[in-house]
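I opened a fresh page for this model and kept my entries in the order in which I looked things up. Backbone oddities come ahead of the sheet, the helix and the core.

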Amino acid sequence: MKALIYNKNSNPKIALKEISKPELLLDNDAIIKVNLSSICTSDLHIIEGFVPKAKNNIVLGHEFVGTVEKLGKNVKNFKIGDRVSVNCETFCNECFFCKKGYINNCTNGGWLLGCSINGCQAQYVRVPYANNTLTKINDNISDKNALFVGDILSSGYFGAKMCEIEKNDTIAIIGSGPVGMCAMISAKILGAKEIIAIDINQHRLDIAKNQNLADFYLNPNDCNIEDEIKKITKYGIDKVIEAAGAKDTFELAWKIARPNGIVGIVAMYEENQILPLPKMYGKNLTFKTGGVDAIYCRELMDLISKNKINTDFLITHSFKFENIIEAYEFFKSNKDKCLKVAIEY
Ligand SMILES: [Zn+2]
Ligand SMILES: [Zn+2]
């Protein structure tokens with residue numbers, strides 16, 4: 001079968017190669033025929049050498065939907081032919097962390113697919129702990145509708161859950177990229193009264209506006225964010241979701257949060273951030289950080305099924321699998337106009 005292989009010692013570092021089809025290795029495994037996948041910023045991070053745990057000579061990719069082709073004998077929750085979305089976190093559901101819902105820290109799993117074991121940018125992929133890692137796609141949902149359930153939609157939802165949103169809360173979301181937009185969708189579902197979208201990329205703010213994802217759209221290039229926020233809310237922002245990870249966005253997040261507010265951080269930073277405790281003394285903020293604990297896939301799938309969530313607009317470009325190298329190039333170099341690509345198999 002064909003697969004996209006990452007090799008840090010070759011140039012370019014990714015190539016489409018012929019490798020053998022995966023086989024069931026353990027009783028909890030499933031073999032999934034990949035129907036549709038996407039490229040995640042984390043895939044680019046691996047290629048750029050920012051992910052130390054990424055193995056060399058591995059098939060990339062962890063955001064996808066497919067059809068169950070083979071099942072290990074302990075996988076009881078699915079049957080051959082089921083359409084499934086696959087969680088970006090592989091988890092055992094039995095360890096100390098899994099029992100508390102912290103599946104990102106599963107001592108037997110975590111982010112494995114497309115990082116430390118072969119991922120989904122291939123015609124077939126082996127998925128461990130399939131009983132937990134797969135989510136059946138409802139019949140009224142297309143592959144496209146379900147594509148982001150296991151990764152970016154879960155990340156946005158996780159960010160919103162982390163902020164313990166209550167009715168009448170004003171929520172600011174820094175970063176109007178795909179995860180930020182998923183956080184806007186999630187904050188609304190979880191009961192936010194007002195949502196403020198913040199980004200320096202006007203095109204992305206405009207997309208959020210077209211989709212009616214927020215109530216205010218602020219671009220730091222056009223206004224002073226702190227002044228604008230004072231006009232919207234007297235005390236500051238109840239809960240801030242930081243989904244940008246840019247140079248000044250962590251600082252902006254704690255500055256705009258009101259006293260006793262929550263700052264939830266889903267962004268991945270490339271540099272250390274400064275926490276100036278003397279300056280924020282008495283502000284009594286709660287900070288929460290995290291890689292996604294993607295435990296709400298079933299809930300999200302059902303919300304899509306009931307037309308409460310639609311992430312189709314995030315797919316701005318599609319490519320055939322045989323052109324996946326071109327898709328990577330395009331995704332990397334067209335951040336302005338490309339939100340997410342769909343790879344068709
Ligand atoms: Zn990802
Ligand atoms: Zn576990």
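**Backbone oddities**

I began with Asn-260, which I found in strand β13, residues 257–265. This is a predicted model, and in it Asn-260 has a positive phi of about 70° although it is not a glycine. I then asked whether Asn-260 counts as buried or exposed. With 12 C-beta neighbours inside 10 Å it counts as exposed, because the cut-off for that class is 12 or fewer.

I looked next at Asn-168, another residue that is not a glycine but has a positive phi, here about 75°. I placed Asn-168 in the loop between α5 (152–162) and β9 (170–174), and I noted that it is exposed, with 10 other C-beta atoms within 10 Å.

My last backbone entry concerns the peptide bond from Asn-11 to Pro-12, which is cis, with omega near -5°. Pro-12 lies in the loop between β1 and β2.

**The sheet with β1**

From that loop I moved on to the strands themselves, and I found three of them forming an open sheet in the order β2-β1-β4, with antiparallel pairing. The edge strands are β2 (14–18) and β4 (58–59), each of which pairs on one side only. I noted two bridges joining β1 (residues 2–6) to β4, and I saw that Tyr-6 stands opposite Ile-58 in β4.

**Helix α12**

Which residues of helix α12 (residues 324–333) are buried? I listed Ile-324, Ala-327, Tyr-328 and Phe-331. They cover an arc of only 100° around the axis, and therefore sit on the same side of α12. On the other side of α12 I found Glu-326 and Ser-333 exposed. I then followed the buried residues of α12 outwards and recorded that they pack against β1, β2, β15 (315–320) and β16 (340–344).

**The nonpolar core**

I closed with the largest nonpolar core, which has 112 residues, and in which Ile-32, Ile-173, Met-184 and Ala-197 are those with the most contacts inside it. Helix α6 (residues 178–189) supplies the largest share of this core, seven residues. I also checked the domains, and this core draws at least three residues from each of domain 1 (2–151 + 294–344) and domain 2 (156–289).

I picked Ile-173 for a further look and left aside its neighbours within four places in sequence; among the residues in contact with Ile-173 are Gly-180, Ala-183, Met-184, Ala-187 and Ala-197. Ile-195, Ile-198, Ile-241 and Ala-243 are also in contact with Ile-173.

How values were computed. Residues are numbered from 1 along each chain as its sequence is written. Chains are lettered from A and ligands numbered from 1 in the order in which they are written. This is a predicted model: local features need pLDDT of at least 70, side-chain atom pairs count only at pLDDT 80 or more; totals for chains, interfaces and linings use all residues. Two strands pair if DSSP finds at least two bridges between them. Helices (H or I, at least four residues) and strands (E, at least two) are DSSP runs, numbered from the N terminus. A nonpolar core is a set of buried Ala, Val, Leu, Ile, Met, Phe, Trp, Tyr and Cys residues joined through C-beta atoms within 7 Å. A residue is buried if 20 or more other C-beta atoms lie within 10 Å of its own, exposed if 12 or fewer, and partly exposed in between; C-beta atoms are placed from the backbone. Domain bounds come from an automatic or database domain assignment. Two residues are in contact if their C-beta atoms, placed from the backbone, lie within 7 Å. The arc is that of the directions from the helix axis to the C-beta atoms.
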